[in-house]
Structures are given as C-alpha cells and as structure tokens.
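The exercises below are to be worked with the sequence and the structure in view. Each task is followed by a solution in steps.

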Amino acid sequence: MSDHTPSTPDGGAPLDGTAVQEVAARVAAELPDLTLSRPFGPEHDVHKVAGKVFCISSEVTGRPITTLKCDPEHARALRQEFDGITAGYHVNKQHWISVAGGPGVMAQLVEELVLDSYALVVAGMPRHARPALPDEVRRRLGGADPGEAAPRARPARPRG
C-alpha cells in the first residue's frame, strides 16, 4: 500500500508520501504544546497544538499523505506547482492541503509547510491559549510571534 521509494529526508531528493510523513512528524515533535493522538482511528496520526489540529498523516486514500493547514493563496500556488500537493483530504479544501510527495517536494518544503500550518493554527487562537514559543521555534517561524499575524502566502517554488 505504501508508495515508499528511496529518498533522503535531508532535502537531497524529492520525497515520497512515507518520507513526507516522517519529516512532518519529526518537525511537529519539536514544536511546543504538541499532542499526538488518533481521534479518527488508528489509521490517522493527528498532531495538535493546544488542542487544535495542524497536521494529519494517514494512508486512508490508499497512499501516504500528510494534511496541513495552509493560507488559501499559498495553497492554490502549491497545488498548481506540485502534482503531489492537492486540496486537503476530508477537510476544508480552501484552507488545507494534502501532501503525497513527488517531483519537487523536498524535505525543506515539508518542514516549512508544517511550521506554517502550526503558525496559522496558533495565530487563530485566543492569546491566553497560545503556547509560549522558545526563541529557536520563533526563529524557525520567521522571527515573528505567530500569534501576531498569520504567515504570508509564499510564491510557488520551482521544481527541483
């Protein structure tokens, strides 16, 4: 069922769906106030910040995917640029994407998408519910407190 093909999560080669899930789980695990649960069943790994979902990994579509919250403009650009990025599976299609890997989908892109998803979810929380961010995480999120403003849409990256 897995589409796992040789890839390097260090950004050296395009990732397949399984490697996307591995990179996403590694990045998510480093973020503050994280919980990992399976509220939708054993086939879904759900990462939450302060009780709010920001990353879901599963194989319920028949292949490994990771679903992340994304700015609608950025999501549209990503879907146009990468065949392995589609509208979010079983979530709001405008505000979520599903990443299955493929040409151009590198570890650095997945890392940025996970951080962006986390920042978008944190930015939508009331101030009292937002986690305190260590300096290292704040730097990884672009230097700003994600509670101050949602990340800006980024242009699509050229295929690599």
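**Exercise 1: Surroundings of Cys-55**

Setting aside neighbours within four places in sequence, Cys-55 is in contact with Ala-24, Asp-45, Val-46, His-47, Thr-66, Thr-67 and Leu-68, where contact means heavy atoms within 4.5 Å. The model is a predicted one, in which local features need pLDDT of at least 70 and side-chain atom pairs count only at pLDDT 80 or more, while totals for chains, interfaces and linings use all residues. Residues are numbered from 1 along each chain as its sequence is written, and side-chain values use heavy atoms, with hydrogens and water left out.

Task: state in which strand Cys-55 lies, and whether Cys-55 is buried or exposed.

Solution.
- Step 1. Place the residue: Cys-55 belongs to strand β3. Helices (H or I, at least four residues) and strands (E, at least two) are DSSP runs, numbered from the N terminus.
- Step 2. Apply the cut-offs: buried means under 20% relative accessible area, exposed over 50%, and partly exposed in between (1.4 Å probe, protein chains only). The relative accessible area of Cys-55 is 0%, so Cys-55 is buried.
- Step 3. Add a distance: the C-alpha atoms of Cys-55 and Gln-21 are 9.7 Å apart, and the two residues are 34 apart in sequence.

**Exercise 2: The chain as a whole**

Task: find how many helices and strands the protein chain has, and what share of its residues is buried.

Solution.
- Step 1. Count the elements: the protein chain has 4 helices and 6 strands.
- Step 2. Put them in order: along the sequence the pattern is α-β-β-β-β-α-β-β-α-α.
- Step 3. Take the burial: of the 160 residues in the protein chain, 44% are buried.
- Step 4. Look at the contacts: among those between residues at least 6 apart in sequence, 54% join residues at least 24 apart.

**Exercise 3: An aromatic pair**

Task: name the type of the aromatic pair formed by Phe-54 and Tyr-118.

Solution.
- Step 1. Search the whole structure: 1 aromatic pair is found.
- Step 2. Classify the pair: the ring centres of Phe-54 and Tyr-118 are 5.3 Å apart and the planes stand at 85°, so the pair is edge-to-face. Rings of Phe, Tyr and Trp (its six-membered ring) pair if their centres lie within 6.5 Å; planes under 30 degrees apart count as stacked, over 60 as edge-to-face and the rest as tilted.
- Step 3. Locate the partners: Phe-54 is in strand β3 and Tyr-118 in helix α3 (residues 107-123), so the pair ties together parts 64 residues apart in sequence.
- Step 4. Check burial: both Phe-54 and Tyr-118 are buried.

**Exercise 4: Positive phi**

Task: where do Asp-33 and Ala-50 lie?

Solution.
- Step 1. Recall the usual case: most residues other than glycine have a negative phi.
- Step 2. Take Asp-33: its phi is near 60°, a positive value in a residue other than glycine. Asp-33 sits in the loop between α1 and β1 (34-37), and with 42% relative accessibility Asp-33 is partly exposed.
- Step 3. Take Ala-50: its phi, near 50°, is also positive in a residue other than glycine. The loop between β2 and β3 holds Ala-50, which is partly exposed at a relative accessible area of 32%.

**Exercise 5: Pairs distant in sequence**

Task: what separates the C-alpha atoms of Glu-112 and Val-27, and those of Val-23 and Ala-107?

Solution.
- Step 1. Start with Glu-112, a residue of helix α3. Glu-112 counts as buried at 19% relative accessibility.
- Step 2. Give the first separation: the C-alpha atoms of Glu-112 and Val-27 are 9.2 Å apart, with their positions 85 residues apart along the chain.
- Step 3. Turn to Val-23 in helix α1. Val-23 counts as buried at 1% relative accessibility.
- Step 4. Give the second separation: Val-23 and Ala-107 are 84 residues apart in sequence and 6.6 Å apart, C-alpha to C-alpha.
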